[in-house]
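Please open the model in a viewer and keep the selection tool at hand. The tour below proceeds stop by stop, naming what to select and what is found there.

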Amino acid sequence: GIGVTGGLFYVIFKELFSSSSPNKIYGDALEKCRSHPEIIGVFGDSIKGYGEATRRGRRQHVSHIEYVKDGLKHMRLKFYIEGTESGKQGTVHVEVKENLETGRYEVRYIFVDVETYPRRTIVIEDNR
């Protein structure tokens, strides 16, 4: 029983607090979006983020894919934002790359596709 409980705590801790978990990367990217002046101008002050919706309308986890390129781990995430401006929605695209020295992920890019008129792409961060 103790081993199972310990295993559960390890998995929960790793998912919520690890710098390499998709939830942590999502939270950091969402905060960068919320503090970006152009995003605030388009979407309003109160910006919320969410993942894919199910058939029943429930919001799921943020979709992500992990892959290895040139011996380095990479991760891409996609999630959605909306704000207080009526009808304004956007899709956020994030890619991170592992830094071998620190073992942590570093942002390669964060950009937002504004889904409503006028359609455009807002670059939050680009380190490519």
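Rings of Phe, Tyr and Trp, the last represented by its six-membered ring, count as a pair if their centres lie within 6.5 Å; planes over 60 degrees apart make the pair edge-to-face. By this rule, the model, which is predicted, contains 3 aromatic pairs.

**First stop: an aromatic pair**

Select Tyr-26 and Phe-79. Their rings form an edge-to-face pair, 4.7 Å from centre to centre and with 85° between the planes. The pair links distant parts of the chain, since Tyr-26 belongs to helix α2 and Phe-79 to strand β3 (residues 72-82), with their positions 53 residues apart in sequence. Both Tyr-26 and Phe-79 are buried.

**Second stop: the whole chain**

Now display the protein chain as a cartoon. Its secondary structure consists of 3 helices and 6 strands. Followed from the N terminus, the elements run α-α-α-β-β-β-β-β-β. Colouring by accessibility shows 32% of the 128 residues as buried. The chain exposes about 8,500 Å², of which carbon and sulfur atoms supply 51%. Of the contacts between residues at least 6 apart in sequence, 44% join residues at least 24 apart.

**Third stop: the largest nonpolar core**

In soluble globular proteins, nonpolar side chains tend to be buried together. Which residues touch the most other members of the largest nonpolar core? Select Ile-39, Phe-43, Phe-79, Ile-81, Val-92, Val-94 and Val-112, which hold that position in a core of 23 residues. At least two residues of this core come from each of α2, α3, β3, β4 (89-98), β5 (105-114) and β6 (120-126). Helix α2 gives the most, with 5 residues. Phe-79, already seen in the aromatic pair with Tyr-26, is thus met again here among the core residues listed.

Next, centre the view on Val-112 and show its surroundings. Leaving aside neighbours within four places in sequence, Val-112 is in contact with Cys-33, Ile-39, Phe-43, Ile-81, Gly-90, Thr-91, Val-92, Arg-120, Thr-121, Ile-122 and Ile-124.

**Fourth stop: His-36**

Move to the loop between α2 (22-35) and α3 (37-43), where His-36 is placed. Is His-36 buried or exposed? His-36 has a relative accessible area of 17%, and the cut-off for buried is under 20%, so His-36 counts as buried. Residues up to four places away in sequence aside, His-36 touches Ile-122, Val-123 and Ile-124. Ile-122 and Ile-124 are also among the contacts of Val-112.

**Fifth stop: Tyr-67**

Select Tyr-67 in strand β2 (residues 63-69). With a relative accessibility of 23%, Tyr-67 is partly exposed. Beyond residues up to four places away in sequence, Tyr-67 touches Leu-72, Lys-73, His-74, Arg-76 and Glu-95. What joins the side chains of Tyr-67 and Glu-95? A polar contact of 3.1 Å does so. Then draw a C-alpha to C-alpha distance from Tyr-67 to Lys-97: the two are 9.8 Å apart in space and 30 residues apart in sequence.

**Sixth stop: salt bridges**

The structure holds 10 salt bridges, and several can be visited in turn.

Begin with Lys-24 and Asp-28, whose closest N and O atoms are 3.3 Å apart in a salt bridge. The two residues are separated by about one helical turn, because they lie 4 residues apart in helix α2. Lys-24 is partly exposed at 31% relative accessible area, and Asp-28 is partly exposed at 38%.

Continue to Glu-82 and Lys-48, where the side chains meet in a salt bridge of 3.6 Å, N to O. This pair links distant parts of the chain: Glu-82 lies in strand β3 and Lys-48 in strand β1 (residues 48-50), 34 residues apart. Glu-82 counts as buried at 17% relative accessibility, whereas Lys-48 is partly exposed at 45%.

Then select Glu-52 and Lys-78, a salt bridge of 3.9 Å, N to O. Here too the pair links distant parts of the chain, with Glu-52 in the loop between β1 and β2 and Lys-78 in strand β3, 26 residues apart. Both are partly exposed, Glu-52 at 28% relative accessibility and Lys-78 at 30%.

Finally, select Arg-76, Glu-95 and Arg-108, which salt bridges with shared partners join into one network. Arg-76 and Glu-95 were encountered earlier among the residues that Tyr-67 touches.

Note on methods
Residues are numbered from 1 along each chain as its sequence is written. This is a predicted model: local features need pLDDT of at least 70, side-chain atom pairs count only at pLDDT 80 or more; totals for chains, interfaces and linings use all residues. Side-chain values use heavy atoms; hydrogens and water are left out. Buried means under 20% relative accessible area, exposed over 50%, partly exposed in between (1.4 Å probe, protein chains only). Contact means heavy atoms within 4.5 Å. Accessible areas come from the Shrake-Rupley method with a 1.4 Å probe; for residues, only the protein chains shown count as cover. Rings of Phe, Tyr and Trp (its six-membered ring) pair if their centres lie within 6.5 Å; planes under 30 degrees apart count as stacked, over 60 as edge-to-face and the rest as tilted. A nonpolar core is a set of buried Ala, Val, Leu, Ile, Met, Phe, Trp, Tyr and Cys residues joined through side-chain atoms within 4.5 Å. A polar contact is a pair of N or O atoms within 3.5 Å; within protein, one must be able to donate a hydrogen and the other to accept it, and residues adjacent in sequence count only if both atoms are side-chain atoms. A salt bridge is a side-chain nitrogen of Lys or Arg within 4 Å of a carboxyl oxygen of Asp or Glu.
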